[in-house]
Amino acid sequence: MNDSTNSSGDHRLICTVDIVLLTLRDGQLQVLLLKRDREPFDGALALPGGYVHVDEDQGCEDAAQRVLLQKAGLQSPYLEQLASFSGPARDPRGWSVSVAYFALVAAPEASQPGQHWLPVDRLPQLPFDHGRIIAAAAERVRNKSQYSSLPVHLCPEPFTLPQLHTIYQALLGEAINPVSFRRKMEELAILEPVPGAKRAQGPHRPAQLYRLKDEFRQTLRLVGRGLNV
């Protein structure tokens, strides 16, 4: 924790990171919540978060990666700073600032003990300002899905282009022309075919399996003129 005092010298500045870990399950954008085991809000569902360790973390991103691994047991292939949230009223312990990040993972096969995956559009009342942070992260992801390669980080590898197409449509909430989608993926040049790997899809001929190129695992590519052109 970062400690400082206000002008009257009697308050500490609470400095934390919060992580909005998102995945796509059952066609819905869902967020990971954990049950708090201490006050304030003991027993309430909340985002994974924790103090910045000034003697250990080289920056807030280091703190976010550490918290995500320690509290959720996960490492995300994509982590991006969202925004900072601050003020005297967001934490009953005092004036606080949280640097929020969002991370994306492919849908886990099963939830681990203590993990709660809930749709971002149907959340209960959450402590602190975690509802506001999640809403901001969901909006960021949906907006970026209109013009970037971001949704690929929600797709379990290896995947077919129809699978990735379905994920884009779920995030955008609208139909995307399959021919245009395939053309845009070719323009992005972020995918590589898995040699000799195909997957049967019903009565259709087996579809080629793809994976994300290593050089694009932490970076995004932009789609010129959008996906539906």
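Biologist: Which residues line the second largest pocket?

Modeller: In this predicted model, the second largest pocket is lined by Leu-161, Pro-162, Arg-182, Lys-198, Gln-201, His-204, Arg-205, Pro-206, Ala-207, Gln-208 and Tyr-210. They are called lining residues because each has an atom within 4 Å of a point of the pocket.

Biologist: How many of these lining residues are nonpolar, polar and charged, and why is Tyr-210 put where it is?

Modeller: The division is 5 nonpolar, 3 polar and 3 charged. Tyr is on the nonpolar list, so Tyr-210 is counted there. His is on neither the nonpolar nor the charged list, so His-204 counts as polar.

Biologist: Which elements supply at least two residues of that lining, and which has the largest share?

Modeller: Helix H3 (161-172), strand S8 (191-201) and strand S9 (204-212) each reach at least two. S9 has the largest share, with 6 residues. The volume of this pocket is about 230 Å³.

Biologist: What is the volume of the largest pocket, and what makes it a pocket and not a cavity?

Modeller: About 580 Å³ of space lies in it. A cavity is a set of points from which a 1.4 Å probe cannot get out, whereas a pocket is an open set, so the name says that this space is open.

Biologist: Which residues lie nearest the centre of the largest pocket, and how many of its lining residues are charged?

Modeller: Of the 25 lining residues, Arg-36, Arg-38, Gly-49, Gly-50 and Lys-71 lie nearest the centre. The lining as a whole has 10 charged, 8 nonpolar and 7 polar residues. Arg and Lys count as charged and Gly as polar, so Gly-49 and Gly-50 fall in the polar class.

Biologist: Which elements give two or more residues to the lining of the largest pocket?

Modeller: Strand S1 (14-25), strand S2 (28-35), strand S4 (49-51) and helix H1 (60-72) do. H1 gives the most, with 4 residues.

Biologist: Why is S4 called a strand?

Modeller: A strand is a DSSP E run of at least two residues, so the run 49-51 qualifies. By these rules the protein has 4 helices and 9 strands, in the order β-β-β-β-α-β-β-β-α-α-α-β-β.

Biologist: What are the domains of the protein, and how many residues of each are in contact with the other?

Modeller: Domain 1 covers 14-145 and domain 2 covers 150-216. Their C-alpha centres lie 28 Å apart. 16 residues of domain 1 are in contact with 11 residues of domain 2; they count because they have heavy atoms within 4.5 Å. The area buried between the domains is about 1,100 Å², of which carbon and sulfur atoms give 77%. On the domain 1 side, Leu-24, Leu-104 and Ser-145 lose the most area, together 46% of what that side buries.

Biologist: Which residues does the UniProt domain annotation cover?

Modeller: The unreviewed UniProt entry marks residues 12-141 as "domain: Nudix hydrolase". Such an annotation may be inferred rather than shown by experiment, so the name rests on the record. In the model, that span is 19% helix and 38% strand.

Biologist: What makes the peptide bonds from Glu-39 to Pro-40 and from Glu-157 to Pro-158 notable in their geometry?

Modeller: The bond from Glu-39 to Pro-40 is cis, with omega near 0°, and Pro-40 lies in the loop between S2 and strand S3 (45-46). The bond from Glu-157 to Pro-158 is cis too, with omega near -10°. Pro-158 lies in the loop between helix H2 (130-144) and H3.

Definitions and conventions. Residues are numbered from 1 along each chain as its sequence is written. This is a predicted model: local features need pLDDT of at least 70, side-chain atom pairs count only at pLDDT 80 or more; totals for chains, interfaces and linings use all residues. Side-chain values use heavy atoms; hydrogens and water are left out. On a 1 Å grid over the protein atoms alone, a cavity is a set of points where a 1.4 Å probe fits but cannot get out, and a pocket is an open set with protein on both sides within 12 Å along at least five of seven lines; lining residues have an atom within 4 Å of a point. Grid points are joined across faces, edges and corners, and a volume is the space filled by probe spheres set on the points. Domain bounds come from an automatic or database domain assignment. Buried area is the accessible area (1.4 Å probe) that two parts lose on being put together, summed over both.
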